[in-house]
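Here is a short tour of the side-chain packing and pairing in this protein. Keep the 3D view open as you read, and pick out each residue as it comes up.

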Amino acid sequence: MESFHGTTILSVRRRAPDGQWQVALGGDGQVTLGAIVVKSSARKVRKLWRDQVLAGFAGATADAFTLFERLEAKLETYPGNLTRACVELAKDWRTDRYLRRLEALMAVADKSVSLLLTGQGDVLEPEDGVIAIGSGGNYALAAARALLDQDISAEAIARKAMQIAAQICVYTNGNLTIETIAAG
């Protein structure tokens with residue numbers, strides 16, 4: 001899978017200790033240009049569509065904002081149906097002459113599903129509820145999976161796994177943004 005330097009995004013879906021389902025999506029704040037840290041406090045994770053969808057990106061910033069806007073429009077067209085909105089966005093992303101040049105990956109989640117979107121037209125749902133993308137994604141993924149057997153919330157797993165990734169990946173920092181939603 002493609003990997004982009006300068007970011008780590010992690011999504012964790014699980015039942016919290018209180019019995020409620022929760023989804024957490026976190027991202028670091030580091031933006032790099034080659035080997036230079038340009039910014040340490042970027043916000044790569046957002047709530048979309050009436051604060052019911054979490055989205056994070058790895059890749060070129062302008063491309064990601066374009067994809068956020070397109071996903072928001074698809075969510076307006078298919079209200080409450082994140083999977084359908086993502087499939088339609090993936091179709092456009094793959095076939096549209098302008099969009100297919102965008103270099104980014106997206107992790108998105110709502111109350112019922114977590115998905116990974118790619119420019120190759122992939123809309124993938126993980127079996128274990130954990131998605132990680134970006135240069136530190138594999139570190140965050142491994143750490144999150146190791147923490148899944150702990151009696152802690154999705155947010156706590158995301159935060160700890162992101163901190164571990166930040167200690168290993170030079171393109172990831174500890175300035176985290178973690179958003180959560182209660183899942184159905």
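**Aromatic rings**

Phe65 counts as partly exposed, because its relative accessibility is 34%. Bear in mind that this is a predicted model. The structure holds three aromatic pairs, and Phe65 belongs to one aromatic cluster together with Phe57 and Phe68.

- Phe57 and Phe65 make a tilted pair, with 6.3 Å centre to centre and 50 degrees between the planes.
- Phe57 also pairs with Phe68: the ring centres are 5.6 Å apart and the planes stand at 80 degrees, so this pair is edge-to-face.
- That second pair links distant parts of the chain, since Phe57 sits in strand 6 and Phe68 in helix 1, 11 residues apart.
- How buried or exposed are the two partners? Phe57 is buried at 5% relative accessibility, and Phe68 is buried too, with a relative accessible area of 4%.

**Nonpolar cores**

- The largest nonpolar core has 23 residues, and the members that touch the most others are Leu71, Leu82, Met106, Val108 and Leu117.
- Which elements each supply at least two residues of this core? They are strand 6 (53-59), helix 1 (61-77), helix 2 (82-95), strand 7 (104-109) and strand 8 (114-117).
- Apart from this core lies another one, of 18 residues, including Leu10, Val130, Ala140 and Ala161.
- Met106 is a good residue to click on: leaving out residues up to four places away in sequence, Met106 touches Ala55, Gly56, Leu67, Phe68, Leu71, Leu115, Leu116, Leu117 and Ile133.
- As background, nonpolar side chains in soluble globular proteins tend to be buried together.

**Salt bridges within helices**

- How many salt bridges does the structure hold? There are seven.
- In helix 2, Glu88 and Arg84 are four residues apart, which is about one turn of the helix. Their side chains form a salt bridge whose closest N and O atoms are 3.2 Å apart.
- The two partners differ in burial: Glu88 counts as buried at 13% relative accessibility, whereas Arg84 is partly exposed, with a relative accessible area of 39%.
- Helix 4 (residues 154-168) holds both Arg159 and Glu155, again four residues apart and about one turn of the helix. These side chains meet in a salt bridge at 3.5 Å, N to O.
- Both partners in helix 4 count as partly exposed, Arg159 at 33% relative accessibility and Glu155 at 28%.
- Salt bridges with shared partners also join Arg84, Glu88 and Lys91 into one network.

**A salt bridge between a loop and a helix**

- Asp128 forms a salt bridge with Arg145, and the closest N and O atoms are 2.5 Å apart.
- Why does this pair tie together parts that are 17 residues apart in sequence? Asp128 lies in the loop between strand 9 (123-124) and strand 10 (130-134), while Arg145 lies in helix 3 (residues 137-147), so the bridge joins the loop to the helix.
- Both residues are partly exposed: Asp128 has a relative accessible area of 29%, and Arg145 has one of 44%.

Definitions and conventions. Residues are numbered from 1 along each chain as its sequence is written. This is a predicted model: local features need pLDDT of at least 70, side-chain atom pairs count only at pLDDT 80 or more; totals for chains, interfaces and linings use all residues. Side-chain values use heavy atoms; hydrogens and water are left out. A nonpolar core is a set of buried Ala, Val, Leu, Ile, Met, Phe, Trp, Tyr and Cys residues joined through side-chain atoms within 4.5 Å. Buried means under 20% relative accessible area, exposed over 50%, partly exposed in between (1.4 Å probe, protein chains only). Contact means heavy atoms within 4.5 Å. Rings of Phe, Tyr and Trp (its six-membered ring) pair if their centres lie within 6.5 Å; planes under 30 degrees apart count as stacked, over 60 as edge-to-face and the rest as tilted. A salt bridge is a side-chain nitrogen of Lys or Arg within 4 Å of a carboxyl oxygen of Asp or Glu.
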